[in-house]
Amino acid sequence: MTDVQLSLKHVSVKVMAGAEVKTLLSDINFDLHQGDFVTVIGTNGAGKSTLFNVIGGDLQATSGTIELAGDRVEKESAEKRARHIARVFQDPKMGTAPRMTVSENLALAMHRGQRLGLRSRALKQKQGEFARIAAQTGNGLEAALDKPTEELSGGQRQALSLLMATMEQPDLLLLDEHTAALDPHTSQAIMTLTDKIVTGNHLSCLMITHQMDDALKYGNRLIVVDAGKIVADYDAAAKAKLTNADLLEYFA
Ligand SMILES: Nc1ncnc2c1ncn2[C@@H]1O[C@H](COP(=O)(O)OP(=O)(O)OP(=O)(O)O)[C@@H](O)[C@H]1O
């Protein structure tokens with residue numbers, strides 16, 4: 001576990017807010033190693049999503065460098081960085097094409113970039129494989145392969161987003177409060193699936209969550225973002241000793 005998969009050095013993001021310069025991220029230094037599963041917590045407005053946006057290229061760093069899977073990417077567009085990064089958002093509607101069926105969505109995600117084709121014969125040939133993949137979710141997705149995703153439950157749709165995001169082993173997986181819109185039971189089911197996929201495939205992953213129990217339970221490292229800075233970084237051993245109450249102090 002020594003390969004650095006993501007490295008941010010002196011990354012700052014400043015934007016103009018009216019006549020004033022607003023600092024969104026300030027001198028972020030952070031290395032993520034291959035297979036690290038890091039939970040990210042912090043108050044509303046702390047800069048967690050901004051951190052994901054600057055890693056993903058939706059926001060450009062004002063200064064500093066970002067290295068991803070050995071490539072310098074801080075000047076690259078979000079589209080170019082997408083070859084390395086998969087992201088799952090809070091809204092289950094964001095990750096799938098609503099009018100397309102589950103099978104069609106899986107076909108689009110398969111072989112990232114090289115589309116499998118959406119002709120019915122090609123899809124039929126893959127039904128067995130799609131059913132096997134969908135069955136991992138444990139929520140009946142395999143019985144809904146021919147349904148448009150807009151007819152799925154939020155939990156099924158988010159499970160599909162997660163499967164699609166991770167199908168081709170991204171260099172980096174960004175989970176942006178991906179269980180926040182789900183009921184507690186469904187949220188836990190998606191977290192169980194997330195853990196299975198991330199740890200089972202040894203993926204490098206950053207996961208933002210407001211659920212302190214999940215921040216403690218999952219992953220091998222925990223970081224705290226506050227006012228645009230990483231103010232705490234707990235490795236697996238330190239994280240194992242943390243309690244819910246310790247984390248809540250960051251929100252006092
Ligand atoms: N493009 C932008 N221009 C100006 N301000 C921005 C921009 N993007 C984010 N901000 C501001 O930066 C701060 C950090 O926002 P961010 O969304 O990263 O917080 P967060 O930690 O993800 O919060 P939450 O937990 O509420 O999702 C906020 O004050 C937000 O309004």
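**Exercise 1.** Describe the hairpin formed by β9 and β10, and its turn.

Solution. Step 1: two residues lie between β9 and β10 in this hairpin. Strands are DSSP runs of E with at least two residues, numbered from the N terminus. The model is predicted; local features need pLDDT of at least 70, side-chain atom pairs count only at pLDDT 80 or more, and totals for chains, interfaces and linings use all residues. Residues are numbered from 1 along each chain as its sequence is written.

Step 2: β9 covers residues 221–226 and β10 covers 229–234, with Ala227 in the loop between them. Ala227 is not a glycine, yet its phi is positive, about 45°.

Step 3: β9 and β10 pair in the antiparallel sense over five bridges; two strands pair if DSSP finds at least two bridges between them. Asp226 stands opposite Lys229 in β10.

**Exercise 2.** In which sense do strand β3 and β9 pair, and over how many bridges?

Solution. Step 1: strand β3 spans residues 37–41, and its pairing with β9 is parallel, over four bridges. Step 2: within β9, Val224 is the residue opposite Ile41.

**Exercise 3.** Is His10 buried or exposed? Treat Ala227 in the same way.

Solution. Step 1: a residue is buried if 20 or more other C-beta atoms lie within 10 Å of its own, exposed if 12 or fewer, and partly exposed in between; C-beta atoms are placed from the backbone. Step 2: His10 is exposed because 12 other C-beta atoms lie within 10 Å. Step 3: Ala227 has 14 C-beta neighbours inside 10 Å, so Ala227 counts as partly exposed.
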